[in-house]
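Visitor: I would like a close look at one single part of this model. Please show me how that part fits into the rest.

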Amino acid sequence: MILWSWNGRGRENPATSSVTQIKLQKMVQYIEQDGHEKAEEIDVLTEEEFNKEKLSYMEARTEAVKKYYDNLEKKYEHQILLDMSKMKTQGHRDILATRHTVIDELFNTVQCRITNLTLEENVCLYKKVLCKLIIQGLLKIMEPEVVIEVRQKDITISKKLLKQVQDYFHGKTGMTINLLLSENSFLPENSNGGVVLYTKSKSIRLDNTLETKLTLVRNIILPSVRKALFGENPNRKHLD
């Protein structure tokens, strides 16, 4: 084995060079080892950071998708409730419209019968009705002088009733009444007849026509008609 040493002229000793080489080799190995360890640590940390970022991203995306579909579900639920409410409202309106149609047809039938009452073939019956309407109006007005207004075609019938009405009124109230039949102002010819009564000063006026009577009766009996046709309304809190 040859050992190197430094001579006096500055040459490297073989023994010293070998030790140096070993130290350098160990140092290089240490550096490489440390580098590998550091690199592995960096890889581990990088992978951990990546996994954290990936997990955070996935959670954020999952939450976003969940929120989107939750909002979409709420939107559809709201739309379904809105559509159901509209259908319910429309159904209720349709029922009310049908009921109104039935009631209108019923009272239109009554209106037709009243119209038929004033036809010439029913003159005897209409005469009795007209007499009662005049007496009823006089008992409400209770004035000594009253003007009676009828259709022009009812003038003849009305003249025949005046004495009968005056006698009845006197017997009922003890008052003597002067009845004036208007011969220049008449009810419309296309009306269903009846009578309008007023004082000469027109300060008191009473509409006792058949149209007015029918309207009054309709308003009074309408709740009973509804109940008879459609039954009790559970949502109605007050009677009409």
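Guide: One term comes up often, so here are its limits: a residue is buried under 20% relative accessible area, exposed over 50%, and partly exposed in between, with a 1.4 Å probe and protein chains only as cover. The model is predicted: local features need pLDDT of at least 70, side-chain atom pairs count only at pLDDT 80 or more, and totals for chains, interfaces and linings use all residues. Residues are numbered from 1 along each chain as its sequence is written, and side-chain values use heavy atoms, with hydrogens and water left out.

Let us get our bearings. The protein chain has four helices and four strands. Helices (H or I, at least four residues) and strands (E, at least two) are DSSP runs, numbered from the N terminus. Read from that end, the elements run α-α-β-α-β-β-β-α. The chain has 240 residues, and 22% of them count as buried.

The part I choose is strand 3, residues 194-198. Five of its five residues are buried, so strand 3 is largely enclosed by the rest of the structure. Look at the directions of its side chains. In a regular strand, side chains alternate between the two faces of the sheet. Here Gly 194, Val 196 and Tyr 198 point one way from strand 3. Val 195 and Leu 197 point the other way. Residues on both sides are buried.

Now turn to the partners. Two strands pair if DSSP finds at least two bridges between them. Strand 1, residues 145-149, is joined to strand 3 by three bridges, and the two run antiparallel. Within this pair, Val 147 stands opposite Tyr 198. Strand 4, residues 205-209, also pairs with strand 3 in the antiparallel sense, over five bridges. There Tyr 198 stands opposite Arg 205. Find Tyr 198 in the picture, then look for Val 147 and Arg 205.

Strand 3 and strand 4 form a hairpin with six residues between the strands. Stop at Lys 202 in that loop. Its phi is positive, about 60°, although Lys 202 is not a glycine. Lys 202 is exposed, with a relative accessible area of 59%. Met 142 also has a positive phi, near 55°, and is not a glycine either. Met 142 sits in the loop between helix 2 and strand 1. With a relative accessible area of 34%, Met 142 is partly exposed.

Go back to strand 3 and pick Leu 197. A contact means heavy atoms within 4.5 Å. Leaving aside residues up to four places away in sequence, Leu 197 touches a long list, including Leu 133, Ile 134, Gly 137, Leu 138 and Ile 141. Val 146, Val 147 and Ile 148 are among its contacts too. So are Ile 204, Arg 205, Leu 206 and Asn 208.

Leu 197 also belongs to the largest nonpolar core, which has 29 residues. Such a core is a set of buried Ala, Val, Leu, Ile, Met, Phe, Trp, Tyr and Cys residues joined through side-chain atoms within 4.5 Å. Leu 138, Ile 148 and Leu 197 touch the most other members. Strand 3 is one of the elements that give two or more residues to this core; the others include helix 1, helix 3 (155-173) and helix 4 (210-230). The largest share, eight residues, comes from helix 2.

Long-range links matter for the count across the chain. Of the contacts with a separation of 6 or more, 67% join residues 24 or more positions apart.

Finish with charged pairs. A salt bridge is a side-chain nitrogen of Lys or Arg within 4 Å of a carboxyl oxygen of Asp or Glu. By this rule there are four. One joins Glu 183 and Lys 159 at 3.4 Å, N to O. Glu 183 lies in the loop between strand 2 and strand 3 and Lys 159 in helix 3, so the pair ties together parts that are 24 residues apart in sequence. Lys 159 is partly exposed at 45% relative accessibility. Another bridge links Asp 154 with Arg 151, the closest N and O atoms being 2.9 Å apart. Asp 154 is buried at 3% relative accessibility, and Arg 151 is buried at 1%.
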